[in-house]
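Please open the model in a viewer and keep the sequence panel beside it. The tour below proposes a series of selections and states what is to be found at each.

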Amino acid sequence: EPQETLEQPHYSSRYACLRPCPLESPNQELARQLAVIRKDRELDGNATSALVYERAISVIIAYPHKITTARMNELAKLPFMGEKMLAKVEEYIESGTITESQKIAASGRFRALSAFTTIYGIGPSTARKLFDVFGLRTFDELVAHFSTNELPYLNDDRSESRIQTRAPTLKIQAALALREELNERIPRTEVETMHSVVMAELEQIKGGCTGTIVGGYRRGKAYSNDVDIVITHPSLANEPSLVSDLCEKLVNQLFQRGLITHLMHLGSFLQPGAPRHPSLDTIEKALTVFRLPPQLNPRGVHRRLDLIVVAPETYWTAIVGWTGSKMFERDLRLWAKERGLNFDSSGITRRSNGKQYFPQTEEDVFSVMGLGYLDPTLRNA
Ligand code: DCP
Ligand code: MG
């Protein structure tokens with residue numbers, strides 16, 4: 001039952017899911033320099049400090065005016081604008097640069113850790129170990145290191161999935177070999193071609209599937225880092241076993257056609273550490289490496305493709321949950337929690353009694369949670 005009074009979006013909200021945030025901000029360069037500090041904290045394993053910067057940056061990019069000295073009083077009243085953050089903003093207004101950001105960007109360790117973490121499977125703590133313990137500095141040194149070593153903790157947790165497939169897991173060696181291709185951004189036209197190819201294969205497996213491109217593409221980004229597609233079919237309603245069936249058939253068909261070359265992850269878990277509940281069986285995802293057929297892809301470039309197969313009752317929460325941005329999703333879950341609800345891609349649940357809501361439109365996903373609607377292109381928090 002949708003709420004009657006909806007909280008109206010405004011750039012001064014504490015919640016990213018209530019701040020209308022277009023792709024372009026008048027304060028892009030300021031945000032970019034603060035993001036260098038955020039990244040440094042993340043690479044250092046300082047999640048708390050990284051989040052402080054992430055929240056402040058998110059507020060700054062939703063602020064609709066160019067930040068000048070005359071705007072500082074208003075800025076100081078916005079959420080997450082602490083004294084240290086305001087000092088950095090002031091330094092930027094006065095000099096055009098933030099000294100700390102410049103220092104970080106020039107540091108060899110920062111540059112190496114940033115480069116290492118562009119490789120799938122290498123997160124900040126692995127990158128620090130490779131740099132600090134093994135003394136590695138360049139990609140060539142990484143390639144040499146992994147010719148005799150494995151990443152012991154590369155995510156190969158297929159045990160949680162019911163999907164049977166022969167598609168190989170992407171190992172660190174292949175991830176290194178494909179590094180440049182997987183880091184190349186994908187233009188919108190190619191995103192659309194990938195979607196058409198996947199939908200044509202789906203049509204052969206089961207006629208009448210629906211598939212929506214979500215992620216950054218749906219928020220209007222000109223270039224995406226990967227392609228995310230949410231897929232459903234009417235016959236999957238209240239038949240959880242058919243959800244993983246369809247995902248399995250799709251993955252295997254794309255693999256047989258040579259379109260999927262590797263898998264990074266299979267499974268229905270949504271967030272690492274998220275509590276498992278029955279509705280998770282209504283969602284199945286395959287994170288893959290995909291390659292368009294030669295006639296559509298003369299350079300043979302590999303792309304990241306995420307396929308999310310869901311029951312129809314879960315379709316709209318999955319669409320909202322995968323459209324992003326990450327900050328938007330984080331605060332959507334926080335907002336829900338503070339109102340006694342649990343939001344994730346597999347549905348909305350009342351925490352006190354487990355009652356589930358199955359919104360039938362995207363607008364309903366927002367109104368069930370008491371949120372005024374925001375167009376996907378305004379979810380770039
Ligand atoms: N998402 C999430 N939690 C996850 C995975 C995804 O909340 N564990 C959501 C937020 C993301 C969206 O799904 O915005 C898609 O994730 P991507 O990592 O693909 O990010 P984007 O599509 O936003 O940008 P890009 O792919 O261009 O980097
Ligand atoms: Mg994406």
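## Ligand 1 and its contacts

Select Asp-228 together with ligand 1: an N or O atom in the side chain of Asp-228 is 3.0 Å from an oxygen atom of the ligand. The coordinates on display are those of a predicted model.

Next, add Lys-326, where an N or O atom of the side chain is 2.9 Å from an oxygen atom of ligand 1. Then add Trp-322 and display its backbone, since the contact is not drawn from the side chain here: a polar backbone atom of Trp-322 is 3.4 Å from an oxygen atom of ligand 1. Show the surface of the protein around the ligand as well. On its own, ligand 1 has 560 Å² of accessible area, and the protein covers 82% of it.

Now colour the shell by secondary structure. Three elements each give two or more residues to the shell around ligand 1, namely α12 (215-218), α14 (315-323) and α15 (326-338). Which of the elements gives the largest share of this shell? The largest share, 3 residues, comes from α14.

Extend the selection to the 17 residues around ligand 1; those that come nearest are Gly-216, Arg-219, Lys-221, Asn-225 and Asp-226. Colouring by residue class divides the shell into 9 polar, 6 charged and 2 nonpolar residues.

## The magnesium ion

Select ligand 2, which is a magnesium ion. Its coordinating atoms are OD atoms of Asp-226 and Asp-228, at 2.0 to 2.2 Å. Both residues merit a second look after the previous stop: Asp-226 is among the residues that come nearest to ligand 1, and the side chain of Asp-228 has an N or O atom 3.0 Å from an oxygen atom of that ligand.

Is Asp-228 buried or exposed? Asp-228 counts as buried because its relative accessibility is 8%, and the cut-off for this class is under 20%.

## The loop after β4

Move to His-233, in the loop between β4 (227-232) and α13 (240-256). His-233 has a relative accessibility of 11% and therefore counts as buried. Display its polar contacts. A polar atom of the His-233 side chain lies 2.7 Å from the backbone oxygen of Gly-207, and a polar contact of 2.8 Å joins the side chain of His-233 to that of Ser-235.

Asn-238 has its place in the same loop, between β4 and α13. At 64% relative accessibility, Asn-238 counts as exposed. Its phi is near 55 degrees, a positive value in a residue other than glycine.

## Backbone geometry elsewhere

Most residues other than glycine have a negative phi, and most peptide bonds are trans. Two further selections are of interest in this respect.

Select Phe-80, in the loop between α3 (72-76) and α4 (83-95). The phi of Phe-80 is positive, near 65 degrees. Phe-80 is partly exposed, its relative accessible area being 26%.

Then select Gly-324 and Ser-325. The peptide bond from Gly-324 to Ser-325 is cis, and its omega is near 0 degrees. Ser-325 lies in the loop between α14 and α15, two elements that also contribute to the shell around ligand 1.

## Pairs that are distant in sequence

Select Ile-163, in the loop between α8 (139-148) and α9 (172-177). Ile-163 counts as buried, as its relative accessibility is 5%. Measure from its C-alpha atom to that of Gly-267: the two residues are 104 apart in sequence and 7.9 Å apart in space.

A further pair begins at Val-251, in helix α13. Val-251 is buried, with a relative accessible area of 0%. From Val-251 to Ile-163 the C-alpha distance is 8.9 Å, with their positions 88 residues apart in sequence.

For another pair, select Arg-333 in helix α15, which counts as partly exposed at 29% relative accessibility. Its C-alpha atom and that of Leu-378 are separated by 18 Å, and the two residues are 45 apart along the chain.

## The whole chain

Finally, zoom out and colour by domain. The domain assignment gives domain 1 (16-106), domain 2 (108-153) and domain 3 (187-323). How many Å separate the centres of domain 1 and domain 3? Taken over C-alpha atoms, the two centres are 34 Å apart.

How values were computed. Residues are numbered from 1 along each chain as its sequence is written. Chains are lettered from A and ligands numbered from 1 in the order in which they are written. This is a predicted model: local features need pLDDT of at least 70, side-chain atom pairs count only at pLDDT 80 or more; totals for chains, interfaces and linings use all residues. Side-chain values use heavy atoms; hydrogens and water are left out. Donors are N, O and S atoms within 2.8 Å of the metal (3.2 Å for Na, K and Ca); water is not among the atoms, so sites may look incomplete. Buried means under 20% relative accessible area, exposed over 50%, partly exposed in between (1.4 Å probe, protein chains only). Domain bounds come from an automatic or database domain assignment. A residue is near a molecule or strand if one of its heavy atoms lies within 4 Å of it. A polar contact is a pair of N or O atoms within 3.5 Å; within protein, one must be able to donate a hydrogen and the other to accept it, and residues adjacent in sequence count only if both atoms are side-chain atoms. Accessible areas come from the Shrake-Rupley method with a 1.4 Å probe; for residues, only the protein chains shown count as cover. Helices (H or I, at least four residues) and strands (E, at least two) are DSSP runs, numbered from the N terminus. Ala, Val, Leu, Ile, Met, Phe, Trp, Tyr, Cys and Pro count as nonpolar, Asp, Glu, Lys and Arg as charged, and the others, Gly among them, as polar.
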